[in-house]
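Me: I'm new to this structure and would like to learn how to read it. Could you walk me through a few features?

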Amino acid sequence: MSDELLEDELTQLTRRGLFIKGGAAAAGLTVLGSPAAALAAGTATTIKVAVVTHGDTGAFWSVFKKGVDQAAKDMKSHGVTVTQQYTNNDPAKQASAINAAVGAGANVIAASAPDPSALKDALTKASKKGIEIITVNSGLGAFDSLPTYEVHVGQTEDVAGQGAGKQFKAAKAKKVLIVVHEASNSGLVQRANGVKRVLGASGVKVLTIPDAKKDIPGTKAKVKAAFNADKQLDAFLGLDPDVTIPCLDVIPKGTKAGTFDVGGSIKEIQKGRMLFAIDQQQYLQGYLPVVFAYLYRSNLNTVGNGKPVLTGPGIINKANAAKVAALAAKGTR
Amino acid sequence: MGGLRSSTQRPEASMAETAAQPQRGDERLIRVGFLPRLLTRPDIGAFLGAVAVFFAFGYFARAVNWLGDPAIASGWTDQAAQYGIVAVPVALLMIGGEFDLSAGVMIGSSGLLLGYLTTYQDLNIWPAMGLVLLFALAIGFVNGLTVVKTKLPSFIVTLATFFILQGVNAAGTLKLTGTTAIQNVDSASGFESARRFFSGDLTRWDFKVKVLWWIGLTLFGALLLAKSRFGNWIYSAGGDPVAARNVGVPVVRTKIALFMMTSSVAALMGIIETFELRSMQAKEGVGLEFLFIICAVVGGCLLTGGYGSVIGTFFGAAMLGMVQLGIVDAQWDSNWTYAFQGGILFAAVMLNTVVRSRAQRVR
């Protein structure tokens, strides 16, 4: 679809949205607090979207931010304005940023929620005011009960784990060693369980290394020992490139290796030291909520039907590594 | 602190002295019976523990030939050296009556600094290492000076250093690289030639050069403690600093020197890791400070100072290395690692308490 065409269609959507708004008001269907009421009360020309995440300015979130930036640019002509806040893993700061967004008259709030309970009050309050809530990246399922909850945009750990499992299956791996690099991180365990669902419990061995990232030499020694202790192992999956890449030095030759998240792994994939990386495509997590917000506010379109919109797992392997590397250089992958 | 013995006497010697007949001349040269001397040594608990753990995994991990395969030993010695190198000055510092909670994070700080100097300032690896050591000595000096001048507990002072360094590591690395690690340090000039001194493989079983550093530093620390005047000062500064000062021991200088030793050996560890990994991550080393302290405590060092052993600390590190790798080799669920570490710490402290009270009784 050409940009022009897209723009045309979006303009139409706007018109249709305005029509619905008028129709709903005329039919006297407005109920205070309902999305329709918020819709009718909102100004016809601007849709204010507030993106409030727990992210930092690191590699991962800078790609996310590029997605938001691009969406803000693309949607500007449709009267969408976007604000962004990155609260650096500080739940209290994130909650107050959400409150501030409510105060500033946001129509839609897109928030990540690694710690849902910390944001519960702020998001409930926002929802009561008729502000639509979209969760991004993390927080799946935590706010389903809010009256204005729209959708989750992210990658579920289980599905992503299954994606990794399928890659190993295609490569005819028999038994994969998965390093869980933080003890009692439920997300990491879910990833491992996703792999198990594809390869079966006997095709997976989980090695938990508490605080692996703080003692990388020790982590390498343990991975080496694990391969030595179980000769059936012929594949390796790290759940963080900072763990996976150093361990490539110590896994036996010919081991099929993969990782979660991209980091520096594209280079290793091109060198043939790694088969694949699971990419959760956080650019989409930044881009899509702004578009979804616009489509809902202008056209009452909903997506996902109560299920999350999955942005991953995107697979990076030798076939697309060079292209992705070029995109990564532009900061969008 | 103190009270166990007169301040300038060295505990091992004083115990030994009572086990044998007191004699004229230098007390350090007294020859005493083997068994009584052995049973009152602060490091006996760690030694016996290490032997027990070694043979326990010899049984539980017999499937991989734990006792006989040198490749297995290269694995756990690698891990043990990871703790044992910095544990040497940490033990000396504890005997001197102080803690350094910044010893772990210093590994990351110095590795990141080395990476910065070589990849961003294009410095040759050798002068860069020199600058890293100077930086570490400065941090140790500040730690030591703050502790002795303010008389605040070193626990608090170095906790502050710990947080400051951790923040600088995280924020600085992110600002510099946009990610959480400095990569491609091996592009530095002189990297490969210097690497074999710090992180080569010694044999076809992959024993690491790091293990030699561990053994070498342990011998140096043990000799320093046992045979030098500075060793005497360490014991007395930790045992009873007031009494020590009264008999002319330069307590302030001794403590500052110990802090500087600790931070510079931590920096050495950071250098070794940078050579090994060819990169350095912002989180590296955080949390290891407690493992160093565990090595020292298992090795017989008292939290109150004035008592302990570098040799014992060596066996403490060996034990932790064996447990961490042994759990993997025996194919147990590695989630248990922390529980095992706690169990060892508990058992060692109990045993050490028995040994010490026995030593006092003999006295």
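Me: Which elements make a right-handed β-α-β unit with β9(A)?

Reply: Keep in mind that this is a predicted model. Strand β8 (residues 235-238) of chain A and helix α9 (residues 241-247) of chain A join β9(A) in that right-handed unit. From β9(A), the chain goes on through helix α10 (residues 265-271) of chain A to β10(A), in a β-α-β crossover that is right-handed.

Me: In what sense do β8(A) and β9(A) pair, and over how many bridges?

Reply: They pair in the parallel sense, over four bridges, with Leu237(A) opposite Gly258(A). On β10 (residues 276-279) of chain A, three bridges make the link to β9(A), and these strands also run parallel. There, Thr259(A) stands opposite Ala277(A).

Me: Which way do the residues of β9(A) point?

Reply: The general idea is that side chains in a regular strand alternate between the two faces of the sheet. Here, Lys256(A), Gly258(A) and Phe260(A) point one way, while Ala257(A) and Thr259(A) point the other way.

Me: Why is β9(A) described as largely enclosed by the rest of the structure?

Reply: Because five of its five residues are buried.

Me: And is Leu284(A), in helix α11 (residues 282-299) of chain A, buried or exposed?

Reply: Leu284(A) counts as buried because it has 23 C-beta neighbours inside 10 Å, and the cut-off for buried is 20 or more. Leaving aside neighbours within four places in sequence, Leu284(A) is in contact with Gly67(A) and Thr311(A).

Methods: Residues numbered from 1 in each chain as written. Chains lettered and ligands numbered in written order. Predicted model: local features only at pLDDT ≥ 70, side-chain atom pairs only at ≥ 80, totals over all residues. Buried ≥ 20, exposed ≤ 12 C-beta atoms within 10 Å, placed from the backbone. Contact = placed C-beta atoms within 7 Å. Helix = DSSP H or I, 4+ residues; strand = E, 2+ residues; numbered from the N terminus. Pairing = 2+ DSSP bridges. Right-handed = clockwise from strand over helix to strand, strands pointing away.
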